[in-house]
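User: Please take a close look at the salt bridges in this model. I would like the count, some individual pairs and their surroundings.

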Amino acid sequence: MFKTIIEPFRIKVVEQIKMTTPEQRKQMIREAGYNIFSLRSEDVIIDLLTDSGTGAMSANQWGGIMRGDESYAGSPSFFHFQESVRDIMGFEFVIPTHQGRAAERILFSVTCNEGDVVPNNSHFDTTRANVEFRGALALDLPSLELADMDSDYPFKGDMDVAALRDAFAEYGAERIPLVMLTVTNNSGGGQPVSMGNARAVAEVCREFDTPLYLDACRITENAYLIKMREPGYAEKSVREIVREMCDLAQGCTMSAKKDAIVNMGGFLATRDAALANEQKILLILTEGFPTYGGLSGRDLEALAIGMQEAVDEDYLHYRISSTHYVGQHLRDVGIPLLWPTGGHAIYLDAKRFAKHLAPTQLPGVAVANAMYQIGGVRACEIGTLMFGSRDPETGVESAGPRELVRLAIPRRTYTQSHMDYVIEVVKRVWEERDTLPAYRIVEQAPVLRHFSARLAPVE
Ligand SMILES: Cc1ncc(COP(=O)(O)O)c(C=O)c1O
């Protein structure tokens with residue numbers, strides 16, 4: 001009815017942002033070796049590095065933190081958490097873990113062996129690492145539509161179902177212990193997966209008697225995007241849509257640091273009693289007793305409440321509209337980005353943004369560093385610094401598969417005026433795009449170099 005997007009909450013507690021000048025930031029990024037991961041967060045004005053664990057909890061959640069029961073075994077906070085997850089997702093066995101990757105490690109430890117293959121629309125990097133740690137192959141099967149950054153296709157997060165069938169034909173069902181569907185598809189630009197696609201994937205899994213698991217950390221954002229975009233879902237509630245998707249699966253892993261809006265937490269859920277028992281044994285080894293896993297009672301309370309708040313449609317409307325608002329404003333002036341916007345982030349196409357720079361000149365770093373220097377906004381390069389490599393013999397750099405800059409938006413943390421500020425900063429960088437310098441890597445670690453590399457602009 002009104003075009004102004006308002007936050008469906010009031011602010012009770014505030015956190016001071018330290019304002020800095022471009023001159024100060026120029027010096028701070030130089031001291032950080034031109035790597036945004038090495039900045040101190042207090043020197044950042046708007047931090048869009050990740051949406052994981054950076055959300056603002058509600059008064060209800062903070063109330064839950066005080067009510068949390070810290071009993072070692074059988075805590076009421078565990079039962080509240082279990083009931084909340086069952087209520088939203090319908091999975092019978094719920095195993096708390098300290099975060100998503102711990103759930104992944106347990107799931108793949110009990111299901112996956114050397115030589116196995118795990119198909120996924122796109123593995124998140126910790127998911128991939130946990131599959132590979134078991135000696136199995138993490139097979140990404142993204143939809144073909146994802147390759148076109150500009151099309152209006154509404155569900156670019158889908159899995160390529162024909163490719164999934166091919167994988168069963170090539171490796172045989174006995175080598176595929178499970179199929180995973182990541183909703184929304186984070187490594188695929190935070191794009192949603194349609195219910196039609198999830199149903200088709202579940203159908204193939206049924207045919208080959210293979211369980212389907214969801215990587216469900218953004219399932220409520222995904223459900224809201226289904227409601228908005230998929231024919232036949234406009235009248236269904238997000239709660240119903242989430243349940244419909246879960247009904248297609250045997251279980252899920254969940255990093256609750258995303259849609260469940262807690263700063264730490266996760267879980268593994270399944271319908272399979274025997275598997276749950278095996279999983280609990282591993283849980284005890286590394287995480288803790290099954291009624292707390294890797295979490296304290298207060299965390300379980302906050303998570304239980306966050307799960308319910310995550311399906312609130314006023315909240316999701318604001319969340320998805322606000323992300324779309326940022327994307328639309330940037331697109332209107334011609335800034336290249338992955339379209340349509342998904343739930344949690346805007347992905348700028350640095351290759352076209354800084355088109356005078358070759359991938360090995362790190363265009364994503366150039367854009368991200370300019371955003372910081374010009375406006376104190378921190379975003380993350382997902383390009384050659386993150387996924388490229390240097391030949392140890394020749395020192396020759398090879399490019400990563402894409403050059404993106406991700407602006408991940410924390411939940412309920414920033415206001416619309418903060419988003420207007422971000423838009424202004426990115427537009428300013430866009431105006432100066434032809435002057436952005438190339439970067440070279442001065443120092444790097446042998447693995448995961450983007451976290452600690454030191455860089456320098458090429459004069
Ligand atoms: C799709 C997806 N799966 C799994 C994870 C891992 O979760 P965590 O960071 O809680 O271990 C993430 C985290 O960013 C994610 O985005």
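Analyst: In this predicted model, the count of salt bridges comes to 22. Here a pair qualifies when a side-chain nitrogen of Lys or Arg lies within 4 Å of a carboxyl oxygen of Asp or Glu.

One of the pairs is formed by Arg199 and Glu244, whose side chains meet at 3.3 Å, N to O. Arg199 belongs to helix H7 (residues 195-207) and Glu244 to helix H9 (residues 238-247), so this salt bridge ties together parts that are 45 residues apart in sequence. Arg199 has a relative accessible area of 39% and is partly exposed.

Glu244 also takes part in a salt bridge with Lys236, with an N to O distance of 3.2 Å. Lys236 is partly exposed as well, and its relative accessible area is 30%.

Another pair is Arg449 with Glu397, at 3.1 Å from N to O. This salt bridge links distant parts of the chain, 52 residues apart: Arg449 sits in the loop between strand E15 (439-443) and strand E16 (454-457), while Glu397 is in strand E13 (residues 397-398). Arg449 has a relative accessible area of 5%; buried means under 20%, so Arg449 counts as buried.

Beyond these pairs, there is a network to note. Asp51, Arg218, Glu221, Asp259, Arg319 and Arg411 are joined into one network by salt bridges that share partners.

Key
Residues are numbered from 1 along each chain as its sequence is written. This is a predicted model: local features need pLDDT of at least 70, side-chain atom pairs count only at pLDDT 80 or more; totals for chains, interfaces and linings use all residues. Side-chain values use heavy atoms; hydrogens and water are left out. Helices (H or I, at least four residues) and strands (E, at least two) are DSSP runs, numbered from the N terminus. Buried means under 20% relative accessible area, exposed over 50%, partly exposed in between (1.4 Å probe, protein chains only).
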